[in-house]
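Here is a short report to read alongside the structure. It moves from single residues to charged pairs, and then to the spaces between the atoms.

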Amino acid sequence: MGAITYDIEIPSSIPAAKMFKAMVLDANTLIPKIMPQVIKTIEILEGDGGVGTVKVIHFGEGSQYKSVKHRVDDIDKENLTRTYSIVEGDALSGVIESITYHIKIIPTEDGGSMQEQKHLQHQG
């Protein structure tokens, strides 16, 4: 089994706590409303939104993918971090076993935030 990793940094003028709330705590309802062309719906299959929750994300009509199954691995509200894994779906292409994302939202000096994303693809 091999692994591929890559990191992304996304700056924002939105304060870190507000960004975390929108992107993590309110994502199930907010993301489909603000980006319906990307994410059509997010459906909780198991859990209450916390660690262990399993969701199905249905992508918008312009996407090359239909859906993925997503598992919440960790949420740390104090440190504004979240870890989740894509464990099923056509985005894995039958080649990738899972993709793990670790996201940390960091306050910046100008009152905005920086979103650091670390991606780890597990290949079989």
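How exposed is Leu30, buried or partly exposed? With a relative accessible area of 28%, Leu30 is partly exposed. Please keep in mind that everything here describes a predicted model.

## Three places to start

Leu30 belongs to helix α2. From its C-alpha atom to that of Asn79 there are 22 Å, with the two positions 49 residues apart along the chain counted as their separation. If you would like to find Leu30 in the view, look for α2, which covers residues 27-34.

Next, have a look at Asp73, a residue of strand β4. Asp73 has a relative accessible area of 26%, so this residue counts as partly exposed. Its partner for a distance check is His102: the two are 29 residues apart along the chain, and their C-alpha atoms are separated by 9.4 Å.

Leu80 is worth a visit for its backbone. Its phi angle is near 55°, a positive value in a residue other than glycine. You will find Leu80 in the loop between β4 and β5. Is Leu80 buried or exposed? Its relative accessibility is 14%, and the limit for a buried residue is under 20%, so Leu80 counts as buried.

## Charged pairs

Side chains of opposite charge can pair when their charged atoms come close. How many salt bridges does the structure hold? There are four, and three of them are described here, beginning with Lys118 and Asp7, whose side chains meet at 3.5 Å, N to O. Lys118 sits in strand β7 (residues 113-123) and Asp7 in strand β1 (residues 2-12), so this pair ties together parts that are 111 residues apart in sequence. Lys118 is partly exposed at 42% relative accessibility, while Asp7 reaches 54% and counts as exposed.

Another salt bridge joins the side chains of Lys21 and Asp26, with 2.5 Å from N to O. Lys21 is partly exposed at 44% relative accessibility, and Asp26 is partly exposed with a relative accessible area of 29%. Then there is the salt bridge between Glu88 and Lys69, where the closest N and O atoms are 3.6 Å apart. This pair links distant parts of the chain, with Glu88 in strand β5 (residues 81-89) and Lys69 in strand β4 (residues 67-76), 19 residues apart. Glu88 has a relative accessible area of 45% and is partly exposed; Lys69, at 23%, is partly exposed too.

## A nonpolar patch on the surface

Which residues make the nonpolar surface patch of about 300 Å²? They are Ile4, Tyr6, Ile8 and Ile10. Ile4 is found in strand β1, and with a relative accessible area of 39% this residue counts as partly exposed. Strand β1 also holds Asp7, from the salt bridge with Lys118 described above.

## The largest pocket

Rolling a probe the size of a water molecule over the atoms shows where empty space is left. The largest pocket has a volume of about 650 Å³. It is lined by 28 residues, and the closest to its centre are Ile39, Ile57, Phe59, Arg82 and Tyr84. Two or more lining residues come from each of β1, α2, β2 (39-46), β3 (54-59), β4, β5, β6 (96-107) and β7.

What is the lining of this pocket made of, by class? There are 19 nonpolar residues, seven polar and two charged.

## A single cavity

The structure also holds one cavity of 30 Å³ or more, and about 30 Å³ of space lies in the largest cavity. Which residues line the largest cavity? They are Val24, Gly49, Lys55, Val72, Ile75 and Arg82. By class, this lining divides into three nonpolar, one polar and two charged residues.

Arg82 is a residue to highlight in your viewer. It is one of the residues lining the largest cavity, and it is also among those closest to the centre of the largest pocket.

Methods
Residues are numbered from 1 along each chain as its sequence is written. This is a predicted model: local features need pLDDT of at least 70, side-chain atom pairs count only at pLDDT 80 or more; totals for chains, interfaces and linings use all residues. Side-chain values use heavy atoms; hydrogens and water are left out. Helices (H or I, at least four residues) and strands (E, at least two) are DSSP runs, numbered from the N terminus. Buried means under 20% relative accessible area, exposed over 50%, partly exposed in between (1.4 Å probe, protein chains only). On a 1 Å grid over the protein atoms alone, a cavity is a set of points where a 1.4 Å probe fits but cannot get out, and a pocket is an open set with protein on both sides within 12 Å along at least five of seven lines; lining residues have an atom within 4 Å of a point. Grid points are joined across faces, edges and corners, and a volume is the space filled by probe spheres set on the points. Ala, Val, Leu, Ile, Met, Phe, Trp, Tyr, Cys and Pro count as nonpolar, Asp, Glu, Lys and Arg as charged, and the others, Gly among them, as polar. Patches are made of residues with over 30% relative accessible area and no salt bridge: like charges are joined within 9 Å, nonpolar side chains (Val, Leu, Ile, Met, Phe, Trp, Tyr) within 5 Å. Accessible areas come from the Shrake-Rupley method with a 1.4 Å probe; for residues, only the protein chains shown count as cover.
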